[in-house]
Amino acid sequence: MEEWQLTLRWQPEAHQQAQFQQLYALTLAGNRQFNLTRITEPAEFWEKHLWDSLRGVQRFLHEDWESGGRRQKAGGRRQGAEGAGEAGAAEEEDKTHLSPFTSFKVIDIGTGAGFPGLPVAIAQPNWTVTLLDATRKKITFIDQVIAHMGLTNATTLVERVEQVGRQRLRRQAYDLALIRAVAAAPVCAEYALPLLKVGGCAVLYRGQWSEAETTSLEAAVAVLGGKIDAIEAFTTPLTQGDRHCIYLKKIAPTPNEFPRAIGIPAQKPLG
Ligand code: SAM
């Protein structure tokens with residue numbers, strides 16, 4: 001899959017390529033039993049599930065840190081050269097504990113068939129990835145994939161994220177929270193920020209994005225102890241689809257009232 005070279009600075013090793021192929025085969029097989037995803041053609045699977053999952057965490061991957069992160073610190077150059085419309089404090093000196101040399105604790109909220117969490121677990125064996133979804137059949141499928149592939153750095157959880165965010169052992173426990181195609185952005189922020197350590201980062205995977213959305217997200221995030229750290233705009237490499245990744249940084253503990261009770265964040269979004 002030489003397609004990896006298209007606009008993704010991280011490149012998989014041969015054994016990881018094989019793992020991605022295996023993930024594709026298992027997803028196709030699982031789809032017959034569990035009806036997991038509409039994305040089944042090889043090129044579409046590669047672009048929308050593999051490439052897209054990894055593009056969101058590119059800034060945390062080792063090689064990108066080497067080529068982009070350090071230079072950004074030294075020269076004030078913004079990351080995501082192909083992205084228009086970056087915002088926030090991307091040029092600031094990064095003062096968080098986040099570094100690609102750390103073993104991140106990652107949670108993928110509303111992982112569905114395992115995206116973006118499974119590709120991330122394959123790409124970064126030093127990270128531990130918790131795949132969370134409220135739907136048992138999706139987690140049953142992911143458990144089978146994890147067992148079949150022997151992914152020792154991935155675990156699953158069947159729960160509503162509003163409950164998980166109130167659990168002593170899970171609240172404020174993660175370095176990185178990933179959330180793709182789950183809810184409106186302020187709702188995703190309320191799901192993700194309580195789970196992060198101060199200094200941690202949430203990645204909101206979005207399609208199109210507007211200034212108005214930035215404004216309402218900013219208001220929600222401020223209440224939750226976070227700030228918008230950066231917004232990266234890019235297009236997918238095969239079909240040129242619009243994508244945005246919104247990076248939220250947690251800068252203070254989230255007040256105890258958040259996340260609100262099950263269903264309330266989605267019914268009455270902040271912001
Ligand atoms: N993230 C995957 C992707 O991008 O392919 C799946 C997206 S799917 C459209 C949304 C998933 O979020 C569903 O599997 C659903 O069960 C889960 N979900 C929605 N709200 C949730 C909540 N409050 N807690 C846990 N999971 C939730």
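Which residue follows H1, and is its phi positive or negative? In this predicted model, H1 is followed by Asn 35, and the phi of that residue is positive, near 50°.

The protein chain has a mean pLDDT of 87, with 83% of its residues at 70 or more. Confidence is not uniform along the sequence: over residues 63-97 the pLDDT stays under 50, and for this segment the model has 70 contacts beyond four places in sequence. The secondary structure amounts to 9 helices and 7 strands. Of the 271 residues in the chain, 55% count as buried. Where contacts join residues at least 6 apart in sequence, 70% of them link residues at least 24 apart.

Helix H1 spans residues 14-34 and comprises 21 residues. From its first C-alpha to its last it reaches 29 Å, close to the 30 Å expected at 1.5 Å a residue. Its buried residues include Phe 20, Leu 23, Tyr 24, Leu 26 and Phe 34, and also the polar-named positions Gln 16, Gln 17, Gln 19 and Asn 31. The packing partners of the buried H1 residues are helix H2 (42-55), helix H4 (117-123) and helix H5 (136-149).

Helix H8 is formed by residues 211-223, 13 in number, and reaches 19 Å between its first and last C-alpha atoms, close to the expected 18 Å. Thr 214, Leu 217, Ala 220 and Val 221 are buried in this helix. These four lie on the same side of H8, because they cover an arc of only 130° around the axis. Glu 211, Ala 212 and Ala 222, on the other side of H8, are exposed. The buried residues pack against one helix, H7 (185-192), and against strands E5 (196-206), E6 (226-235) and E7 (242-250). Just after H8, Gly 225 adopts a positive phi of about 90°.

Two residues in and after strand E5 were examined individually. Tyr 205 lies in E5 and is buried, with a relative accessible area of 5%. Beyond four places in sequence, Tyr 205 touches residues that include Asp 52, Ser 53, Gly 56 and Val 57, as well as Pro 116, Arg 180 and His 244. The side chain of Tyr 205 reaches the backbone oxygen of Ser 53 at 2.6 Å. Leu 178 is also among the residues in contact with Tyr 205; the two are 27 residues apart along the chain, and their C-alpha atoms are separated by 7.7 Å. Gly 207, by contrast, is found in the loop between E5 and H8 and is partly exposed, with a relative accessible area of 31%. Apart from neighbours within four places in sequence, Gly 207 is in contact with Asp 242, Arg 243 and His 244. Gly 207 and Cys 245, 38 residues apart in sequence, lie 8.3 Å apart from C-alpha to C-alpha.

The ligand is surrounded by 16 residues, of which the closest are Gly 110, Phe 115, Asp 133, Val 161 and Arg 180. A backbone N or O atom of Phe 115 is placed 2.8 Å from a nitrogen atom of the ligand. Side-chain N or O atoms also approach the ligand: one in Thr 135 is 3.0 Å from a ligand oxygen atom, and one in Arg 160 is 3.3 Å from a ligand nitrogen atom. Arg 180, one of the closest residues to the ligand, is also touched by Tyr 205.

Conventions. Residues are numbered from 1 along each chain as its sequence is written. This is a predicted model: local features need pLDDT of at least 70, side-chain atom pairs count only at pLDDT 80 or more; totals for chains, interfaces and linings use all residues. Side-chain values use heavy atoms; hydrogens and water are left out. pLDDT is the predictor's confidence in each residue, from 0 to 100. Contact means heavy atoms within 4.5 Å. Helices (H or I, at least four residues) and strands (E, at least two) are DSSP runs, numbered from the N terminus. The expected span of a helix is 1.5 Å times one less than its number of residues. Buried means under 20% relative accessible area, exposed over 50%, partly exposed in between (1.4 Å probe, protein chains only). The arc is that of the directions from the helix axis to the C-beta atoms. A residue is near a molecule or strand if one of its heavy atoms lies within 4 Å of it. A polar contact is a pair of N or O atoms within 3.5 Å; within protein, one must be able to donate a hydrogen and the other to accept it, and residues adjacent in sequence count only if both atoms are side-chain atoms.
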